[in-house]
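This report concerns the charged residues and the domain layout of one protein chain. Please consult the sequence and the three-dimensional view while reading.

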Amino acid sequence: MFKPLDINESNNSQPVVSGDSEKVKCLIIGSGPAGYTAAIYAARANLSPVMYEGLQPGGQLTTTTEVENFPGYPEGVTGPVMMEDLKAQAARFGTDIRWGMATKADFSGEVHKVWIDDSKLIEAEIVIIATGATAKYLGLEDEKKYAGGGVSACATCDGFFYRGKDVAVVGGGDTAAEEAMYLAGLCRKVYLIVRRDELRASKVMADRAKKTANIEILWKHQTKGLLGDNGVVEGAVLIKNQGEAGEEEVKIKIDGFFLAIGHKPNSDIFKEYIDTDEVGYIKTIPGTSKTKVPGVFACGDVQDSHYRQAVTAAGSGCMAAIDAERYLSEKHL
Ligand code: NDP
């Protein structure tokens, strides 16, 4: 079963430093389109980038199906294939791509310190943060109770387990519409639980979801809890018209409950040193990838609350590598 990844869950207390440390010129944290593009540019600029991929190598796109809007793929491409292509391109120019997750950072000195997996210390002249964002949950106790037993935030990871069954998707954005359609191809029935009376999704996606015969949209419904036995989901309890006239409790029978209500930027371990907005998106100097700490740059979904597209993430990864290269050139003048 898919285990949601959350760098924010990592323990930010003093790491156990085993004495294993390394000095590098350019450290890239995260391996989505932003991280790989930063790596391609940084490697070609002789910055000898070292990349730590994080727990989900390739990032969020490895959990999507078809990507139809990334320029250069006229027939579309699957997320995992696209990320393998980007990884191969970053490796071709010499990026040192490693398994591991950044668990603590210290940007107080001139050399930036980042600990990997609470043990290895990397001291870097430049850090490019490309840690992306992680799926949000509703915050219900039942999401934990049934974790691994029918609750998921990734239809393309877990949909296979629900072939021929009934499932629900929560959310009204493009992700929810996309996941509902993906699941509709596998499952008998898909309920789309939408808290308002309209979808936030783009018109084309919303229309496709509405026209799919085995998707039933439950307008103005919110989830109160899940039903089940032995930690396995068997149903959901919903509230229709919550707080309004005609409020009523509705029960649906489902085997899988999929969250698609947006994402949280993975910035917690950096917050002591760099500015973020109220949601956690890293603030960069407008028109650049620079954070307020010289030598620390941010790109991709961890700093983009607005566009959040693979192509904009890739573009900002390019900006980060160029900003980093110029920073180093000026520093060593
Ligand atoms: P969004 O933030 O766009 O949508 C989140 C949805 O979840 C909204 O409908 C919101 O409701 C709902 N929601 C949030 N919190 C709750 C809650 N507590 N209970 C019930 N519902 C809740 O996130 P997405 O992940 O859908 O999309 C993020 C970005 O990625 C967007 O820019 C989107 O266009 C893009 N994207 C593009 C795709 C494509 O082009 N193929 C595919 C997927 C995403 P409400 O509307 O009421 O706020």
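The text below treats the domains, the salt bridges, the surface patches and two pairs of residues in turn.

The structure under discussion is a predicted model.

**Domains**

The chain is split into two parts: domain 1 covers 16-134 + 263-331, and domain 2 covers 137-259. When the centres are taken over C-alpha atoms, domain 1 and domain 2 lie 32 Å apart.

**Salt bridges**

Side chains of opposite charge can pair when their charged atoms come close. Over the whole structure, a search returns 18 salt bridges. Three of these pairs are set out here, with the distance given from N to O.

| Pair | N to O distance |
|---|---|
| E216 and K189 | 2.5 Å |
| K224 and E249 | 2.9 Å |
| K271 and D268 | 3.0 Å |

E216 and K189 meet through their side chains in a salt bridge. This pair connects distant parts of the chain, since E216 belongs to strand β13 (residues 215-218) and K189 to strand β12 (residues 189-193), with their positions 27 residues apart in the sequence count. E216 has a relative accessible area of 32% and is therefore partly exposed. K189, at 25% relative accessibility, is likewise classed as partly exposed.

A salt bridge also forms between K224 and E249. K224 is placed in strand β14 (residues 221-229) and E249 in strand β16 (residues 248-253), so this pair ties together parts that are 25 residues apart in sequence. Is E249 buried or exposed, or does it fall in between? With 44% relative accessibility, E249 counts as partly exposed.

In the third pair, the side chain of K271 meets that of D268. K271 is partly exposed at 36% relative accessibility, and D268 is partly exposed with a relative accessible area of 25%. Elsewhere, D20, E22, D96, R98 and K120 are joined into one network by salt bridges that share partners.

**Charged surface patches**

Which residues gather in a patch of negative charge on the surface? The patch consists of E66, E68, D174 and E178. Of these, E66 sits in strand β3 (residues 66-67). Its relative accessible area is 38%, which means that E66 is partly exposed. Because a patch residue must have over 30% relative accessible area and no salt bridge, the value of 38% for E66 satisfies the area requirement.

A patch of positive charge is made up of K136, R195, R200 and R308. K136 occupies the loop between β9 (133-135) and α3 (141-145). At 36% relative accessibility, K136 is partly exposed, so K136 also passes the cut-off of over 30%.

**Two pairs of residues in space**

L138 shares a setting with K136: L138 too is located in the loop between β9 and α3. L138 has a relative accessible area of 36% and is partly exposed. Where L138 and V170 are concerned, 32 residues separate them in sequence, and their C-alpha atoms are 9.2 Å apart in space.

I129 lies in strand β8 (residues 120-129). Because its relative accessibility is 0% and buried means under 20%, I129 counts as buried. I129 and T223 are 94 residues apart along the chain, and 35 Å separates their C-alpha atoms.

Technical notes
Residues numbered from 1 in each chain as written. Predicted model: local features only at pLDDT ≥ 70, side-chain atom pairs only at ≥ 80, totals over all residues. Heavy atoms only, no water. Patch = residues over 30% accessible without salt bridge, like charges linked within 9 Å, V, L, I, M, F, W, Y side chains within 5 Å. Areas by Shrake-Rupley, 256 points an atom, 1.4 Å probe, with all protein chains shown as cover. Salt bridge = Lys/Arg side-chain N within 4 Å of Asp/Glu carboxyl O. Lys, Arg positive; Asp, Glu negative; His and termini not counted. Charge placed at Lys NZ, Arg CZ, Asp CG, Glu CD. Helix = DSSP H or I, 4+ residues; strand = E, 2+ residues; numbered from the N terminus. Buried < 20%, exposed > 50% of the residue type's maximum accessible area, 1.4 Å probe, protein only. Domains from an automatic or database assignment.
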